[in-house]
Amino acid sequence: MAKDEDKPDRESRRAIRARQRALGRELRRHYDSVVEEPVPNDFLDLLRKIDHRRNGGEDS
Amino acid sequence: MTDDNATREKKPPASEADSTFKADLLELIPFLRAFARSLCGNPETADDLAQETLVKAWQARASFSPGTNLKAWLFTILRNQFYSDRRRAWRQAPWDEEQAERIPGSGGEQGWAADLSDTVRALATLSDEQREALILVGAGGFSYEDAARICNCAVGTVKSRVARARKSLLDILEGTESLPPAPHKPEGDAANEIMAELDRLSQPAADRAPSSRGDKGTGR
């Protein structure tokens, strides 16, 4: 089993690709599930505050 | 920091560039959160990290060249922040097992919860470098070139990290390799306690020892 990369027949190459695609879908689903969460209010507040901070004039 | 709270009303109108930048930041928050979550695992730590990133990005906004890839620029800041936070607070586990453990118990209304959990748990076994490369390329949709810029390494390095990450995930998910319960041995005891607790819970009630430091001999 350890050596099946040595001469992968067409069948197993296809199987590997299929599994990689499935893995890719899984990763994207995990990532997208966070992307699709509503942005917590903390973040919106932070952006508002960041804006107010402008007139502090202490940018560097 | 300054005493401008009282004078908040007198805020001058933001320059056009600033408000564009801010609108862009706002749009990219979900992606920052997703990348942060992939790096830290723990949702709360991840959101803190994403917020720190926003502040840093705002402070450094003058150094961003408009028209270039803002998402990649932000991810770079986030990643740097992640590693510098990690160095500061080393007692934290590199990857929070909690997240992986929380998913399967969370109701099971989704059929894929178990698979997702396996994938998430398998992700935890990867090195940070492999995990971030795989997430950027495999989930975030970044090119190898952009991922290399974000991770500050060569394109070839990203490619090989992604390839190795894929291979070991597949090995794990297909059962060639076993999924270790505690991939990273953290300095603190918290994760060990969680694992010990899980060991206890997975035993029949009668067998539960009051104190099991049940390291199953997967030796350090």
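How many helices and how many strands does the secondary structure of chain B come to? Nine helices and zero strands. What you have on the screen is a predicted model, and every value I quote is computed from it.

Let me start with the two chains in outline. Chain A has 60 residues, and 8% of them are buried. Its secondary structure is two helices, with zero strands. Chain B has 220 residues, with 30% of them buried. Along its sequence the pattern reads α-α-α-α-α-α-α-α-α. If you take the contacts in chain B with a separation of 6 or more, 59% of them join residues 24 or more positions apart.

Now the core. The largest nonpolar core holds 42 residues. The members that touch the most other members are L32(B), F35(B), A36(B), A50(B), L78(B), A133(B) and A147(B). Where does the core draw its residues from, at two or more per helix? From chain B, the contributors are helix 1, helix 2 (43–59), helix 3 (70–88), helix 5 (113–124), helix 6 (128–139), helix 7 (144–151) and helix 8 (155–173). Helix 1 of chain A is on that list as well, again with at least two residues. Helix 1 of chain B gives the most, nine residues. As background, nonpolar side chains in soluble globular proteins tend to be buried together.

One of the well-connected members is F35(B). Setting aside neighbours within four places in sequence, F35(B) is in contact with F75(B), L78(B), I135(B) and G140(B).

Next, the packing of helix 1 of chain B against helix 2 of chain B. Their axes come within 8 Å and cross at roughly 135°. An angle from 115 to 145 degrees falls outside the parallel, antiparallel and perpendicular classes, so these two helices are oblique to each other. The crossing is right-handed. On the helix 1 side the contact uses L25(B), I29(B), L32(B), R33(B), A36(B), R37(B) and C40(B). On the helix 2 side we have P43(B), T45(B), A46(B), D47(B), L49(B), A50(B), T53(B), L54(B) and A57(B). By class that is eleven nonpolar, two polar and three charged residues.

Helix 1 of chain B also meets the other chain. Helix 1 of chain A, residues 10–35, packs with helix 1 of chain B, residues 16–40, at an angle of about 130°, and the axes are 8 Å apart. These two helices are therefore oblique to each other as well, and their crossing is right-handed. Chain A brings Y31(A), V34(A) and V35(A) to the contact, while chain B brings P30(B), F31(B), R33(B), A34(B), R37(B) and S38(B). Sorted by class, the residues are six nonpolar, one polar and two charged. R33(B) and R37(B) appear in this contact, and they appear in the contact with helix 2 of chain B too.

There is another place where chain A touches chain B. I50(A) sits in helix 2 of chain A, residues 41–52. Leaving aside neighbours within four places in sequence, I50(A) is in contact with V55(B) and W58(B). Is I50(A) partly exposed or exposed? It has 18 C-beta neighbours inside 10 Å, so I50(A) counts as partly exposed.

Now to helix 7 of chain B. Its buried residues are D146(B), A147(B), A148(B), I150(B) and C151(B). Those residues pack against helix 3, helix 6 and helix 8 of chain B. Take helix 6 of chain B: its axis and that of helix 7 come within 9 Å, crossing at roughly 140°. The pair is therefore oblique, and the crossing is right-handed. E132(B), A133(B), L136(B) and V137(B) of helix 6 meet Y144(B), A147(B), I150(B) and C151(B) of helix 7. This contact has seven nonpolar residues, no polar ones and one charged. A133(B) and A147(B), which meet here, were both named earlier among the core members touching the most others.

Last item. What follows helix 7 of chain B? N152(B) does, in the loop between helix 7 and helix 8. Phi of N152(B) is near 55°, which is a positive value in a residue other than glycine. Is N152(B) buried or exposed? With 10 C-beta neighbours inside 10 Å, N152(B) counts as exposed.

Key: Residues numbered from 1 in each chain as written. Chains lettered and ligands numbered in written order. Predicted model: local features only at pLDDT ≥ 70, side-chain atom pairs only at ≥ 80, totals over all residues. Axes fitted to C-alpha atoms, helices over the stretch in contact; angles between N-to-C directions. Helix = DSSP H or I, 4+ residues; strand = E, 2+ residues; numbered from the N terminus. Parallel < 35°, antiparallel > 145°, perpendicular 65-115°, else oblique. Left-handed = near helix turned anticlockwise from the far one by under 90°. Contact = placed C-beta atoms within 7 Å. Nonpolar A, V, L, I, M, F, W, Y, C, P; charged D, E, K, R; others polar. Buried ≥ 20, exposed ≤ 12 C-beta atoms within 10 Å, placed from the backbone. Core = buried A, V, L, I, M, F, W, Y, C linked by C-beta atoms within 7 Å.
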